[in-house]
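This note sets out points for a colleague on how the protein meets the DNA and on one helix pair. Please read the points alongside the structure shown here.

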2 protein chains.
Amino acid sequence: MKCISESTEERIKEAAKTVFLEKGFDGTTTRDIAKVAGINSALMNYYFRSKEKLFQSIFNDMCTLMFEGMLDLVNRPISLRDKISKLMDHQFQMMMQNPNLTIFIMNELHRNPERLYATVGMAKKIPESIFHQQIEDAIAQGIITPIDSHHIMTMIIANIQFLFVSKPMTMLAQGLDEAGFNAFATRHMEYVKDMICDYLFKPELSS
Amino acid sequence: MKCISESTEERIKEAAKTVFLEKGFDGTTTRDIAKVAGINSALMNYYFRSKEKLFQSIFNDMCTLMFEGMLDLVNRPISLRDKISKLMDHQFQMMMQNPNLTIFIMNELHRNPERLYATVGMAKKIPESIFHQQIEDAIAQGIITPIDSHHIMTMIIANIQFLFVSKPMTMLAQGLDEAGFNAFATRHMEYVKDMICDYLFKPELSS
DNA sequence: CCTTTTTTTAATCAATTGATTAAACTTTTT
DNA sequence: AAAAAGTTTAATCAATTGATTAAAAAAAGG
């Protein structure tokens with residue numbers, strides 16, 4: 001459905017996304033973006049007022065990409081076990097398609113937490129979700145190990161996303177190519193799913 | 001034991017470490033470093049030939065800081081259970097003292113994997129350690145769940161280090177200050193230790 | 001005390017940076 | 001088709017960048 005020749009604004013945003021994700025804000029020049037987009041470098045300032053504004057737009061998009069699917073999932077009316085499984089699958093799929101999404105967001109946030117404060121507002125909504133209540137209910141019913149939902153969320157995110165944050169390191173240390181890494185990541189996911197589910201849904205508690 | 005007035009070279013390296021860890025290679029100017037070190041900006045080129053050379057030196061130091069303790073531990077002749085516990089404790093302590101060590105290394109490696117290839121050679125030595133053999137033995141004896149040591153190492157590292165990679169995000173999302181984050185991290189560590197040990201050392205296998 | 005070497009400084013270089021301008025080109029409107 | 005509005009371009013700006021220079025200052029050697 002995508003037009004063959006997209007609008008100039010779209011081309012700039014696409015190029016900016018590519019370059020910002022690869023080189024970060026500091027490592028990116030406006031001329032880089034213009035070159036990748038195949039446009040005159042002044043056009044960047046015509047459509048977006050500055051490099052900063054363009055970046056904010058891209059960063060916002062990336063945060064949405066990161067959180068909207070998760071936010072949808074945590075509020076879906078499905079069983080806890082199913083939800084946790086789907087959360088992990090969704091995140092893994094998202095990271096396979098955007099391997100450097102996490103390192104980009106984490107790094108820019110680290111460099112400038114206050115500047116990007118408004119943009120990551122979405123992240124705040126996850127703790128307030130139905131998921132949180134489901135956890136508390138399950139604990140009250142003795143179905144899962146007593147643990148705050150923040151910690152569960154952190155376990156899920158850490159085990160999946162760190163795989164991709166450390167992708168270059170893993171490839172170097174294990175001498176893997178792209179396909180080798182993907183195989184390793186896919187296998188690791190199975191272990192992690194087992195580990196987290198085993199920990200939460202202990203058999204002696206589920207009776 | 002530190003001298004009151006250290007050598008100029010030391011002051012430059014200390015300043016460079018501070019600034020590079022906070023702003024990254026691209027975000028750091030040589031004048032930044034000179035300012036923090038309290039020296040003339042030409043002195044940086046006098047002691048280290050270039051910004052690149054100075055960075056390589058710092059990056060190498062940070063990799064050593066990251067891996068040398070772990071490398072020592074994985075080769076120590078202690079029981080597997082004890083080793084895994086000590087590995088986690090050591091990493092947690094290290095990250096508490098250098099919260100942005102991981103995001104720094106991972107980010108610079110992501111931006112320039114080939115340039116820093118030589119520096120991260122240490123990471124390769126971990127898979128070849130006594131730890132690896134211990135895991136295989138334990139699996140053969142049916143003491144732990146059958147799983148490659150790479151995956152175990154990844155689980156340990158991911159669950160601890162991602163905590164600090166995502167520190168700004170966590171603080172924003174949960175509205176924590178420094179002390180609040182440290183409390184959260186300390187609590188999280190206990191859960192993670194339980195989870196990983198429970199997963200590996202399954203009761204039904206230890207008989 | 002003078003010479004030699006090492007360390008430090010201020011001044012400056014060429015290159016690159018984000019951004020602006022004014023003019024040229026396109027498209028839309030009338 | 002003429003006018004107006006919107007889009008794109010080349011040329012250029014001031015500021016900042018990593019790096020070099022030559023001279024000054026300090027330390028070391030005789």
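1. Of the 14 residues around DNA strand D, those that come nearest are Tyr47(A), Thr29(B), Thr30(B), Arg31(B) and Lys51(B); a residue is near a strand if one of its heavy atoms lies within 4 Å of it. Sugar and phosphate make up 56% of the strand D atoms that come within 4 Å of the protein.

2. The model is predicted: local features need pLDDT of at least 70 and side-chain atom pairs count only at pLDDT 80 or more, whereas totals for chains, interfaces and linings use all residues. Side-chain values use heavy atoms, without hydrogens and water, residues are numbered from 1 along each chain as its sequence is written, and chains are lettered from A and ligands numbered from 1 in the order in which they are written.

3. Phosphate oxygens of DNA strand D have polar contacts (a pair of N or O atoms within 3.5 Å) with both chains. A polar side-chain atom of Tyr47(A) lies 2.6 Å from such an oxygen, and an N or O atom in the side chain of Tyr46(A) is 3.1 Å from one. For Thr30(B), a polar backbone atom is 2.8 Å from a phosphate oxygen of this strand.

4. Helix H3 (42–47) of chain A, with helix H2 (30–37) and helix H3 (42–47) of chain B, each give two or more residues to the surface near DNA strand D. The largest share, four residues, comes from H3(A). Helices here are DSSP runs (H or I, at least four residues), numbered from the N terminus.

5. Around DNA strand C there are 14 residues, of which Thr29(A), Thr30(A), Arg31(A), Lys51(A) and Tyr47(B) come nearest. A polar backbone atom of Lys51(A) is 2.8 Å from a phosphate oxygen of strand C. Polar side-chain atoms of Thr8(B) and Tyr46(B) each lie 2.9 Å from a phosphate oxygen of strand C. H3(B) gives the most to this surface, with four residues.

6. The axes (lines fitted to C-alpha atoms over the stretch in contact) of helix H1 (residues 8–27) of chain B and helix H6 (residues 101–111) of chain B come within 9 Å and cross at roughly 10 degrees. H1(B) is therefore roughly parallel to H6(B), a term for angles under 35 degrees. Contact (heavy atoms within 4.5 Å) involves residues including Phe20(B) and Phe25(B) of H1(B) and Phe104(B) and Arg111(B) of H6(B).

Notes
Axes fitted to C-alpha atoms, helices over the stretch in contact; angles between N-to-C directions. Parallel < 35°, antiparallel > 145°, perpendicular 65-115°, else oblique. Polar contact = N/O pair within 3.5 Å; in protein donor to acceptor, adjacent residues only side chain to side chain.
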